[in-house]
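Open the model in your viewer and keep the selection box ready. Each stop on this tour tells you what to select and what to look for.

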Amino acid sequence: MVQYIARRLVGMVTVIFLVLTIAFVIVRLAPGDPAALLLGPEASVQDAIDLRQKLGLDRPILVQYASFVLNALRGDLGTSIFFNQPVTQVLADRAEPTVFLALFSIIFAVVIATPIGIFAAYRRGSFLDQAAISAAMLAASIPSFWMGLILQRHFATTLGWFPASGYGGPDATFLERMHYLLLPSLVLGIVNSALILRFTRASMLDVLGEDYVRTARSKGMGELRVVLRHALKNAAIPIITVVGLTFALLVSGAVVTERVFNIPGMGNLVVNAVLRRDYPVIQGTLIVVATLYVIINLVVDLLYAVIDRRVKY
């Protein structure tokens, strides 16, 4: 196990280094001059030159790359051109709503999808099975922005149960902030429950026909115990994989929902950073998201051995 974790850590460092390189190259290939954009159309050429020197954008590209990598290894992702603050501070300020939004969404998705997927597999071919599959296809087909607008209208504007948008004021308590996130979390939870439901159903179908399940039934074990203790335990690995990857996708991909509900999270930050050509913020976000992906993948792989003792590393 220790050797496996060591190999995975080396692989993680390699992946992150490649992401550093790709992020630097892609951002530098993007059209537009951040200095001119930041100064506006009224600025003179000399002002743009001075600002480029201040930001280090006038240096040779290899020098910029070496400086970028060395600083990133020290945890310094640069200074935001627009906010004039360290990128780590800018990302930290926006991370809380996005992380909680992703966490609530994945909880909603798992709570909705897992029991339905198990029941659909257990009742394979029945009307309820077909209804579950149809509901999953419907949930996956509905655009999140449209569902967000519909829920906003009914539950926020008409009924007044939830705030329509935002994340609370500076003095808002933790519970008040979570109240703001319930509606967008439900939207993302419903949309992402479709994939988890289908994976749960397919994985359960694979194991429900196995010999050890029939053996458990032949011993007179109750159906609920057979399904939850024997079948679900062995079907859990692909379900955990898709849940982990879905969580990572939610952290990095909840841009549309954050825009609809005006949540000041990382999604809004990235969109605005792209529009402003704020290179350090774009690069920093890419690095943070990539690091999150490889960490979640490692945690998911390690959970395999915890859930199934037959898995050895």
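A helix here is a DSSP run of H or I of at least four residues, and helices are numbered from the N terminus. Keep that numbering in mind, because the tour uses it to name helices. One caution before you start: this is a predicted model.

**Stop 1: the annotated stretches**

Select residues 9–30, 99–122, 131–151, 178–197, 235–261 and 281–307. An unreviewed UniProt entry annotates these as "transmembrane region".

Now keep just residues 131–151. This stretch is 90% helix and 0% strand. Its end C-alpha atoms are 23 Å apart. Switch to residues 235–261. Here the chain is 93% helix and 0% strand, with 36 Å between the end C-alpha atoms.

Next, select residues 95–304. UniProt, again in an unreviewed entry, lists them as "domain: ABC transmembrane type-1". Over this span the chain is 83% helix and 0% strand. The two end C-alpha atoms lie 28 Å apart.

**Stop 2: the largest pocket**

Which residues lie nearest the centre of the largest pocket? Select L55, G56, G78, T79 and P280 to see them. They are among the 22 residues that line this pocket. Its volume is about 530 Å³.

Now colour three helices: helix 3 (45–55), helix 4 (61–73) and helix 13 (279–307). Each supplies at least two residues of the lining of the largest pocket. Helix 4 gives the most, with 4 residues.

Colour the lining by class. You should find 9 nonpolar, 9 polar and 4 charged residues.

**Stop 3: the second largest pocket**

Select V251, S252, V255, M266, G267, V270, I282, T285, L286 and V289. These residues line the second largest pocket. The volume of this pocket is about 160 Å³.

Which helices each supply at least two residues of this lining? They are helix 10 (223–253), helix 12 (266–276) and helix 13. The largest share, 4 residues, comes from helix 13. You met helix 13 at the largest pocket too.

Colour by class again. The lining of the second largest pocket has 7 nonpolar and 3 polar residues, and no charged ones.

**Stop 4: the salt bridges**

How many salt bridges does the structure hold? There are 3. Visit each in turn.

Select D129 and R201. They form a salt bridge, and their closest N and O atoms are 2.7 Å apart. D129 lies in helix 6 (residues 127–141) and R201 in helix 8 (residues 174–208), so the pair ties together parts that are 72 residues apart in sequence. Turn on the surface. Are these two residues buried or exposed? D129 is buried, with a relative accessible area of 0%. R201 has 16%, and it also counts as buried because the cut-off is under 20%.

Move on to D211 and R214. In this salt bridge the closest N and O atoms are 2.3 Å apart. Both residues sit in helix 9 (residues 211–218). They are 3 residues apart, so about one helical turn separates them. At 52% relative accessibility, D211 counts as exposed. R214 counts as partly exposed, at 44%.

Finally, select E223 and R217. Their side chains meet in a salt bridge, at 3.0 Å from N to O. E223 is partly exposed, with a relative accessible area of 32%. R217 is partly exposed as well, at 32% relative accessibility.

**Stop 5: the aromatic rings**

A pair of aromatic rings is described by the distance of the centres and the angle of the planes. The count of aromatic pairs in this model comes to 6.

Select F155 and W161, which form one aromatic pair. Their centres are 5.8 Å apart. What is the angle between the planes? It is 40 degrees, and the pair is tilted. Check the surface here as well. F155 is partly exposed, with a relative accessible area of 26%. W161 is exposed, at 52%.

For the last selection, take F24, Y65 and F68. These three residues form one aromatic cluster.

How values were computed: Residues numbered from 1 in each chain as written. Predicted model: local features only at pLDDT ≥ 70, side-chain atom pairs only at ≥ 80, totals over all residues. Heavy atoms only, no water. UniProt positions renumbered as here; feature names shortened; annotations may be inferred. Phe/Tyr/Trp six-rings, centres within 6.5 Å; stacked < 30°, edge-to-face > 60°. Buried < 20%, exposed > 50% of the residue type's maximum accessible area, 1.4 Å probe, protein only. 1 Å grid on protein atoms, 1.4 Å probe; cavity = no way out; pocket = protein on both sides within 12 Å on 5 of 7 lines; lining within 4 Å. Points joined across faces, edges and corners; volume = space filled by probe spheres on them. Nonpolar A, V, L, I, M, F, W, Y, C, P; charged D, E, K, R; others polar. Salt bridge = Lys/Arg side-chain N within 4 Å of Asp/Glu carboxyl O.
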